Amino acid sequence: MTTPTLQLTIDCAEPRRMVAFWAEALGYVPEPPPGGHATWREYWADMGVPAEELPPGVGETPESIVDPEGQGPRVWFQQVPESKVTKNRLHLDLKVGGGRDVPLAVRTERVTATVDRLKGAGATVQRIMDEPGMEYYAVVLQDPEGNEFCVV
């Protein structure tokens, strides 16, 4: 039996925009097409994917990102026709603070620096979670297509 691997698939309207944002957010890189192909579209056509399954523009630019260290999961941004309607049932936490062993002031500084960087890349802040006495600081954001995620 083989060990399963994990790929995270995010439905979206604009894969190119999401690749750019999430590559910045995660420190990932756009995944190049395999086997010396110029584009993913060319690769899929060579694999025998029917043309009617490849709408115009699909696969012309990378639609997935990968961890350059090979540790994290591949993330694929699947273009879908419908838009996001309700709150996510699954969200990502970007853990940048260092955990409870790190002083709250340091964690807050790290989270704030990451939030500022991601706002510059297109994220919007939803709310700040910093209840007095909790010794906790996190920020809930939305990516460019409205998907919620936390920076902790």
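# Close-up views of the predicted model

**Figure 1. Cys 12 and Cys 150.** Cys 12 counts as buried because its relative accessibility is 2%, which falls under the 20% limit for burial. The model shown here and in the following views is predicted. Cys 150 is likewise buried, since its relative accessible area amounts to 11%. A disulfide is a covalent bond between the sulfur atoms of two cysteines. A search for such bonds across the whole structure returns zero.

**Figure 2. Overall arrangement of the protein chain.** Three helices and eight strands make up the secondary structure of the protein chain. Read from the N terminus, these elements follow the order β-α-β-α-β-β-β-α-β-β-β. Along the principal axes, the C-alpha atoms occupy a box of roughly 60 × 35 × 30 Å. The protein chain has 152 residues, of which 33% count as buried. Its exposed surface comes to about 9600 Å², with 54% supplied by carbon and sulfur atoms. Among contacts with a separation of 6 or more, 59% join residues 24 or more positions apart.

**Figure 3. Confidence along the protein chain.** The mean pLDDT of the protein chain is 91, and 100% of the residues score at least 70. Of the elements, helix α3 (residues 104–120) has the highest mean pLDDT, 97. Helix α2 (residues 40–47) has the lowest, with a mean of 90.

**Figure 4. Helix α1 and the glycine after it.** Helix α1 comprises twelve residues, 15–26. From its first C-alpha to its last it reaches 16 Å, close to the 16 Å expected at 1.5 Å a residue. Its buried residues are Pro 15, Met 18, Val 19, Phe 21, Trp 22, Ala 23 and Ala 25. An α-helix has 3.6 residues a turn, so residues three or four places apart point the same way. Gly 27 follows α1 and has a positive phi, near 75 degrees.

**Figure 5. Surroundings of Ile 65.** Ile 65 belongs to strand β3 (residues 64–66). With a relative accessibility of 0%, Ile 65 counts as buried. Beyond its neighbours within four places in sequence, the contacts of Ile 65 include Val 19, Trp 22 and Ala 23, three residues that are buried in α1. Leu 26, Tyr 28, Val 29, Pro 30 and Glu 31 are also among the contacts of Ile 65, as are Arg 74, Val 75 and Phe 77. Lys 87 is 22 residues from Ile 65 in sequence, and their C-alpha atoms are 24 Å apart.

**Figure 6. Asn 147 in a loop.** Asn 147 is located in the loop between β7 and β8 (148–151). Its relative accessibility is 13%, and Asn 147 therefore counts as buried. Setting aside residues up to four places away in sequence, Asn 147 touches Ile 10, Met 18, Lys 84, Asn 88, Leu 141 and Gln 142. One of these partners, Met 18, is a buried residue of α1.

**Figure 7. Glu 135 and its backbone angle.** Glu 135 lies in the loop that joins β6 (124–129) and β7 (138–142). Although Glu 135 is not a glycine, its phi is positive, at about 55 degrees. Glu 135 counts as partly exposed because its relative accessibility is 46%.

**Figure 8. The annotated span.** An unreviewed UniProt entry carries the annotation "domain: Glyoxalase-like" for residues 7–152. The C-alpha atoms at the ends of this span lie 22 Å apart. Helix accounts for 25% of residues 7–152 and strand for 24%.

Methods
Residues numbered from 1 in each chain as written. Predicted model: local features only at pLDDT ≥ 70, side-chain atom pairs only at ≥ 80, totals over all residues. Heavy atoms only, no water. Helix = DSSP H or I, 4+ residues; strand = E, 2+ residues; numbered from the N terminus. Buried < 20%, exposed > 50% of the residue type's maximum accessible area, 1.4 Å probe, protein only. UniProt positions renumbered as here; feature names shortened; annotations may be inferred. Contact = heavy atoms within 4.5 Å. Expected span 1.5 Å × (residues − 1). pLDDT = per-residue confidence, 0-100. Disulfide = S-S within 2.5 Å. Areas by Shrake-Rupley, 256 points an atom, 1.4 Å probe, with all protein chains shown as cover.
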